[in-house]
Amino acid sequence: MTDEALPRHARPRRRVVTTAIAVVLLAGAGAAVVERNRILPASGSPNDSGVTDNNSPTTLATVARQDLTSQQQVNGTLGYTGNYGVLNHAQGTITWLPSVGQVISRGQMLYRVNGNPVVLRYGAVPLYRDLSEGDTGQDVLELNADLAALGYRVNSASDTYDWRTKAAVWQQQKAMGVTEDGVLHQAEFVVLPGAIRVTSVPAALGGPAGGAVLQASSTIRQVTVALDATQQGNVKVGDSVTITLPNNQTTPGTVSTMGTVATAPSGQNGGSPTVEVDITPTDPTATGTLDQAPVRVSITTASAPGALVVPVNALLALTGGGYAVELVEPGGAHKLVGVTLGLFDDASGLVQVTGTALRPGDRVVAAGS
């Protein structure tokens with residue numbers, strides 16, 4: 001591994017260590033130690049307040065054993081889930097429209113045609129027919145569940161349009177100010193999965209009713225990330241992330257969905273294929289109300305439980321290749337100890353080391369600030 005293979009901010013402080021000296025020291029065959037381009041006698045004993053390396057301050061760090069994670073910083077977009085087209089089935093003229101950004105919930109008016117309200121209902125089956133007493137089916141089941149949620153006295157588990165359903169529809173029609181006939185008319189309702197947030201209004205006030213009146217999203221907050229496809233195996237649903245908002249505040253989140261199809265970026269510059277990763281904020285209210293806002297996301301891409309770790313700035317790049325750390329022995333002597341690099345944790349500035357004689361509690365020299 002070369003310095004260039006390390007994260008830019010995690011490259012170790014470089015010492016000019018000749019191959020011959022490094023071999024002797026790492027093999028434990030010499031009494032001298034290499035420190036900052038100088039060879040010190042084994043009796044050299046810098047104190048804990050730091051030693052000086054060519055006018056560069058240093059400090060002592062403790063080798064530890066702990067769980068380590070590697071986090072990747074990626075760009076994301078904060079917004080809302082879902083993309084719904086609200087289609088009109090009423091005949092006439094558009095006489096009222098909501099504003100962009102308005103939130104509309106179950107039983108509330110979406111728009112008006114000829115002065116009559118068209119109301120939002122919740123469900124999965126689009127309203128494709130008028131419903132009246134004696135009808136049965138999944139659409140009737142969803143109607144009864146919707147009426148019950150609004151407080152009407154119906155059997156919410158029934159898929160039959162019985163006298164209770166008819167009475168509830170009659171009461172709802174009275175509240176809406178439309179003809180009270182106990183028949184659920186397709187033109188008076190639009191069925192969507194839940195509450196919506198209006199994103200655009202393609203219909204024109206005073207224009208003919210028909211086609212798409214509104215475009216909307218859900219009211220559920222979500223961050224979308226285009227993750228490099230090579231990292232797909234390192235991220236899974238349920239993983240925790242940290243979201244950095246446009247105001248530089250942070251809030252936690254969880255990976256909710258992982259894409260399975262890689263998409264090649266468009267444009268002449270190309271780039272690596274990506275997969276979509278959707279993230280649900282733990283506290284949606286903490287994300288505010290911005291839509292399509294740029295955010296930064298720290299995603300955990302690997303972990304190493306119980307890893308032996310040292311600060312990244314304690315690493316020494318040897319001229320003959322490989323890495324070492326400068327161990328300060330209990331008596332104050334310094335010596336180089338070879339290490340093999342494992343997982344990097346950019347957030348904490350730590351790196352896993354293996355294949356080494358280091359032990360938890362050992363003290364090593366690290367570059368100071």
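**Close-up views of strand pairing and one buried serine**

**View 1. Strands β8 and β12 pair side by side.** In this predicted model, strand β12, which covers residues 196-200, is joined to β8 by 2 bridges, and the two strands pair in the antiparallel sense. Within this pairing, V103 has R197 of β12 as its bridge partner.

**View 2. An open sheet of 4 strands contains β8 and β12.** Followed across the sheet, the strands come in the order β6-β13-β12-β8, and their pairing is antiparallel. The edges are formed by β6, with residues 84-88, and by β8, with residues 103-104, each of which pairs on one side only.

**View 3. Strand β9 is joined to strand β7.** The two strands, β7 with residues 94-96 and β9 with residues 109-113, run antiparallel and are connected by 2 bridges. One residue pair to look for here is W96 and its bridge partner in β9, R112.

**View 4. Strands β9 and β10 form a hairpin.** Strand β10, made up of residues 116-122, runs antiparallel to β9, and 4 bridges join the two. Between the strands of this hairpin lie 2 residues, and N114, which is in the turn, has a positive phi of about 55 degrees. Beside the turn, the reader can look for V113, which stands opposite N116 in β10.

**View 5. Strand β10 also pairs with strand β11.** Here the strands run parallel, again with 4 bridges between β10 and β11, whereas β9 and β10 run antiparallel. In this pairing R121 stands opposite V191 in β11. In a regular strand, side chains alternate between the two faces of the sheet. Strand β11, residues 189-192, is covered on both faces, with F189 and V191 buried on one side and V190 and L192 buried on the other.

**View 6. S70 lies in strand β5.** The strand that holds S70 spans residues 64-80. Is S70 buried or exposed? Its relative accessibility is 15%, and because residues under 20% are classed as buried, S70 counts as buried. The side chain of S70 reaches the backbone oxygen of F344 at a distance of 3.2 Å. Leaving aside residues up to four places away in sequence, S70 touches I299, T300, T301 and A302, and also L343 and F344. F344 therefore appears twice in this view, both as a residue that S70 touches and as the owner of the backbone oxygen that the S70 side chain reaches, a pair of atoms that lies within the 3.5 Å limit for a polar contact.

How values were computed:
Residues are numbered from 1 along each chain as its sequence is written. This is a predicted model: local features need pLDDT of at least 70, side-chain atom pairs count only at pLDDT 80 or more; totals for chains, interfaces and linings use all residues. Side-chain values use heavy atoms; hydrogens and water are left out. Buried means under 20% relative accessible area, exposed over 50%, partly exposed in between (1.4 Å probe, protein chains only). A polar contact is a pair of N or O atoms within 3.5 Å; within protein, one must be able to donate a hydrogen and the other to accept it, and residues adjacent in sequence count only if both atoms are side-chain atoms. Contact means heavy atoms within 4.5 Å. Two strands pair if DSSP finds at least two bridges between them.
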